[in-house]
Amino acid sequence: MSFPLLTVTAVVPAAGAVITAAVPAARKTAAKYTALLFSLATLVLAIVALVRFDPDGDRYQLTESHAWIKDFGLRYELGVDGIAVTLIALTALLIPFVMLAGWHDADPLEDTNRRWRPTQGFFALILLVEAMVVLSFEATDVFLFYIFFEAMLIPMYFLIGGFGDRAHAGGEEEAARQRSYAAVKFLLYNLAGGLIMLAAVIGLYTVTADQLGTGTFSLQEILAARGAGKLDIATDTERWLFLGFFFAFAVKAPLWPLHTWLPNAMGESTAPVAVLITAVVDKVGTFAMLRFCLQLFPDASKWATPVILVLAVISIIYGALLAVGQRDIKRLIAYASVSHFGFIILGIFAMTSQGQSGATLYMVNHGISTAALMLVAGFLITRRGSRLIADFGGVQKVAPVLAGTFLIGGLATLSLPGLAPFVSEFLVLVGTFSRYPVLGIIATLGIVLAALYVLVLYQRTMTGPVKAGIEGMADLKARELLVVAPLIALLLFLGVYPKPITDIVNPSVHHTLSDVHKTDPKPALEAKK
Amino acid sequence: METLIGLLVAAPLLGAGVLLTGGRRLDRTGHLLGTLLSLLSFVFGAVLFVNMLGKDADQRALHSHLFTWVPVDGFQAQVGFQLDQLSMTFVLLITGVGTLIHVYSIGYMAHDERRRRFFGYLNLFLAAMLLLVLADNYFLLYAGWEGVGLASYLLIGFWQHKPSAATAAKKAFIVNRVGDIGLSVAIMLMFTTFGSFAFADVLPKAQDASATQHATVTGIGFMLLLAACGKSAQVPLQSWLGDAMEGPTPVSALIHAATMVTAGVYLITRSGAIFNAAPDAQTAVVTVGAVTLLFGAIVGCAKDDIKKALAGSTMSQIGYMIMAAGLGPIGYVFAIMHLVTHGFFKAGLFLGAGSVMHGMNDEVDMRRYGGLRKYMPITFITFGLGYLAIIGFPGLSGFFSKDKIIEAAYAKGGTEGWILGSAALLGAAITAFYMTRVMLMTFFGEKRWQPDAEGHEPHPHESPSSMTIPMIILAFGSVFAGALFSLNSRFVHWLEPVTGHSEGDSPVSAGTVTAATMVCLVIGVGIAWLMYGRRSVPAVAPRGSLLTRAARRDLLQDDFNHVVLVRGGEHLTRTLVYLDHSLVDGVVNGTAASVGGLSGRLRKLQNGYVRSYAVSMLGGTAVLVAATLLMRAV
């Protein structure tokens, strides 16, 4: 038996969570370093997986397969394709930055009970989320995926509800109330989605049991059976099952009109947790659309495509317009993310090579760019003790490095060429346009709105005369620079040379497209001849 | 030689990187480093130019492929350069004028504590602009296109502590983004039509494609025009250029007069094959050009701010270029020729304006100038030569290049030719008027100087030599470039292999056009002299006619934008914010609650009974799973 690399990549952060949580209350710095160390170890493992992955090899690699509950056909099956292995690397990459950025976010206040260990809890929960997310990317057994997909809600719930933003206009009590509302809303929305998905998962199991004799949750087995003509899901059944899966992923992604939990959750949690939500956890939703919706239900996916594409375009424009209208920095970034998730979903369901490669690249780039923007915003908010845009002004005069990095994060968010998100956004647009020109053009309007919300935010917070409360603001410290500088370097690198990622992703996209029997439209000039 | 093309871009890019991340220790030397790298880029350009001259006219294009930028099935974006006569012309203009303006800025920005950063941005601009004109495909061109937009944004807003500068910068970027939609869609159309967006694939096939895909090729033309309107400040996307004058004056000279704003002309000329195959798009191009050349000229007449008057003029002159480019092969060469001569004289005029401001406590209101010729002789003479060049005084640069455009407009033939030619002639008269006005108000008449806000009396003085030398060099260009280019049709022969050229069939002889232009010039200068030379200029602007008042407000374009777009947009977003909270959120929550029959429980939850809910949810899940599995077992 070969070394179970995928299992270990998930076990390391999980073990890290346990160990971090066990560090005594007085040793909070030790707990932080322990957690950071485990997250770095996970990163090393993720890089090993990335290197060991052969883009031209089998579709699923580094696979592990064990029977789990034989009676129900439950298996412990892991495996990664190019898309999964890339997203695992993204997750593992972001977690250390999230920790460093939130280094002091969970320091206990002076007068708290000594038995309460918020720092240990905060860092342990982050590692726990990482383990769940990594397992969700790895699981090729549908039920196994479902378990981790749901399980990550629990640590996330506590991270949102327990460690909210200390900067709140309404005072400590109001902050706690808003925080708990946001956490409950997050949980309810995602649980509702999860429950519907569970019904569909079980439905899928019954279908396989009926047609194959023994029920199975294994993605590979189902695909093989369908390929061999042994499994043929009735059209109506396939559509219902597809909708069950898609609903859960659309809540998590989030797709308009199921997005309203996101601004609450991102607004009330600390900036690093907000990054965890939008850059890491939400990616599982879009990833699962690619892996489960398209592969398990190719015909139903095509059937639902028109509606999904329209919802995605609405998300793009609506999210951007809402971002323009926000008065709260973090909610603004949250709505910008709604817009960006619209792009990702658009790319997935355009069903072209450019669209899907672009969407996968978009997941990576959005993770990095939102992390850069949101974490700098977090530093800014912590300094001022407010997240209202109106409380800022003239920051560039007193903290030029902070302002500069904030601008670069913003420029990445508005997809400026030279920075990574441009490549993915353009790929999604061109991939959509080649099949749905009108939708492609409407989505392109998003680039103007993105410029608007980013530059208005920058202008109001950073330029103009120095406002009261800003005068003494310190520029970025070494730890903060350590968070931002590598992210910016990555944005620049992937903006100029995305080839390392596209090389891994392209073959997987090719597989997915052949699952749904779609080929790219030919150029009009060639088609004529 | 091919490697040099890459180095041409790399030198200023390196400068930008070093200056912007180098920190305070570079404050003392940063400006010299930036200038040096700009000069180095110019030297590379000059070497390539000499090399190019040594080859036959049709062997001159150089290609250099660096690496694959975006490799995705079907979509292969390359980073590759193409240096032909057209890009060579731009390279020399960009690095040449660019280096002069770097030198000028050493003096102009000497007292600014953020000078290092200023030079970093200038270098960034050079790199992006060179990328724009050297790219061998539209996708890479797009990167340069937005890159210059970024540099322009950073430099307009260089004095960010001034709210007006920050607003102007944002406006410029956003208006340009509207144009960028055009370029994006054009690239997508190229991709879906030709399967590629490289010049070498698209341009040769455009003629071929117009037979079967006529509407698409026309669409590409319109989209490219939209892009050009944004970058080159053409109607209806011109509103940002006047505000862009908030930037330091060297920026106005380099980016908002000589180079970046002419990128639209480059785009249309480069895409000539597409426009040649799409006559409808060409008609749109000439219309935009003709309207803008009058629009800008009228605005230029009414402004009292010297830089805004010059900005109106820039808009108008680019209108000439766009119109010429829209004429097709009869106009491409002259569009570019006017672009180069304009680069000299307009950069010179802006640097002159900067020199005047430098001596007048940064005053920009021409009504507070007057009689400056005695105090700033070098500025006066160089500005005066630029003035003579732009109005088309016989023998100077503008005379040759503008005259050719007017001729080409008539040569278009038919009613269209008459309309365009007459618009261009009228524009020439108005140009003569507003430029004479600027000249008279600034350098002649009595002193109307006023102390500045802090009560300092102005003590006008000539600028240091780091500023005057670039002005003198540009003045030489303003005087001689036109004649040099026109001798033996040298410029036509130079560009012809790339753009193609035809003489057209003019209903009016060249001599008649020149004579008419001269009459217009005399009329324009004469009226200006009657209004501003013979009579003294009031220190406070008179109320003026309806047209004057409208022109002061940029012909109400901003008011329109404000009422329709800004106000409308604000209402839209506010309504949406409200609806998102009350309607979308409410409906989704409500649906979830009623579907689950949980509305009562949901309310309870929001009061904080989370744990009970989580438990009941978990319980429900367990029951559901158990029940289903049990059913299976039975």
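1. A good place to start is Arg270(B), which forms a salt bridge with Asp84(B), their closest N and O atoms being 2.8 Å apart. The pair links distant parts of the chain, 186 residues apart: Arg270(B) belongs to helix H11 (residues 263-270) of chain B, while Asp84(B) sits in the loop between strand E2 (75-83) and helix H3 (85-108). Both Arg270(B) and Asp84(B) are buried. Please keep in mind throughout that this is a predicted model.

2. How many salt bridges are there over all chains? The count comes to 16. A few others deserve a look, and the next points take them in turn.

3. In chain A, the side chains of Glu77(A) and Arg75(A) meet in a salt bridge, with 3.2 Å from N to O. Are these two residues buried or exposed? Glu77(A) is buried, because its relative accessible area is 8%, under the 20% cut-off. Arg75(A), at 23% relative accessibility, counts as partly exposed.

4. Arg177(A) and Glu174(A) form another salt bridge through their side chains, at 3.6 Å from N to O. Both residues lie in helix H7 (residues 171-212) of chain A, and because they are three residues apart, about one helical turn separates them. Arg177(A) counts as exposed because its relative accessibility is 52%, over the 50% cut-off. Glu174(A), at 26%, is partly exposed.

5. Salt bridges also join up into a network in chain A: Glu268(A), Asp328(A) and Arg387(A) are linked in this way.

6. Now for the nonpolar side of things. The largest nonpolar core has 421 residues, and Phe245(A), Phe249(A), Phe349(A) and Phe75(B) touch the most other members. Helix H11 (residues 271-296) of chain A gives this core its largest share, 18 residues.

7. If you would like to inspect one of those phenylalanines, which residues does Phe245(A) touch? Leaving aside residues up to four places away in sequence, its contacts include Val142(A), Met197(A), Ala200(A), Val201(A) and Leu204(A). Phe292(A), Cys293(A), Leu296(A) and Phe297(A) are also touched by Phe245(A).

8. On the surface, there is a nonpolar patch of about 540 Å² on chain B, made by Val519(B), Ile523(B), Ile527(B), Trp529(B), Leu530(B) and Met531(B). Met531(B) is found in helix H21 (residues 510-533) of chain B. With a relative accessibility of 36%, Met531(B) counts as partly exposed.

9. Lys303(B) may catch your eye too: where is this lysine placed? Lys303(B) is in the loop between helix H13 (279-302) and helix H14 (306-326) of chain B. Lys303(B) counts as buried because its relative accessible area is 10%, under the 20% cut-off. Not counting residues up to four places away in sequence, Lys303(B) touches Lys308(B), Ala309(B), Met366(B), Arg437(B), Ala551(B), Arg552(B) and Asp554(B).

10. Thr212(B) is in helix H7 (residues 199-212) of chain B. Thr212(B) is partly exposed, with a relative accessible area of 46%. Its C-alpha atom is separated by 45 Å from that of Ile156(B), a residue 56 places away along the chain.

11. Finally, a word on annotation. An unreviewed UniProt entry assigns residues 69-119 of chain B the annotation "domain: NADH-Ubiquinone oxidoreductase (complex I) chain 5 N-terminal". In the model, this span is 57% helix and 25% strand, and its end C-alpha atoms lie 28 Å apart.

Key. Residues numbered from 1 in each chain as written. Chains lettered and ligands numbered in written order. Predicted model: local features only at pLDDT ≥ 70, side-chain atom pairs only at ≥ 80, totals over all residues. Heavy atoms only, no water. Patch = residues over 30% accessible without salt bridge, like charges linked within 9 Å, V, L, I, M, F, W, Y side chains within 5 Å. Areas by Shrake-Rupley, 256 points an atom, 1.4 Å probe, with all protein chains shown as cover. Salt bridge = Lys/Arg side-chain N within 4 Å of Asp/Glu carboxyl O. Helix = DSSP H or I, 4+ residues; strand = E, 2+ residues; numbered from the N terminus. Buried < 20%, exposed > 50% of the residue type's maximum accessible area, 1.4 Å probe, protein only. UniProt positions renumbered as here; feature names shortened; annotations may be inferred. Core = buried A, V, L, I, M, F, W, Y, C linked by side-chain atoms within 4.5 Å. Contact = heavy atoms within 4.5 Å.
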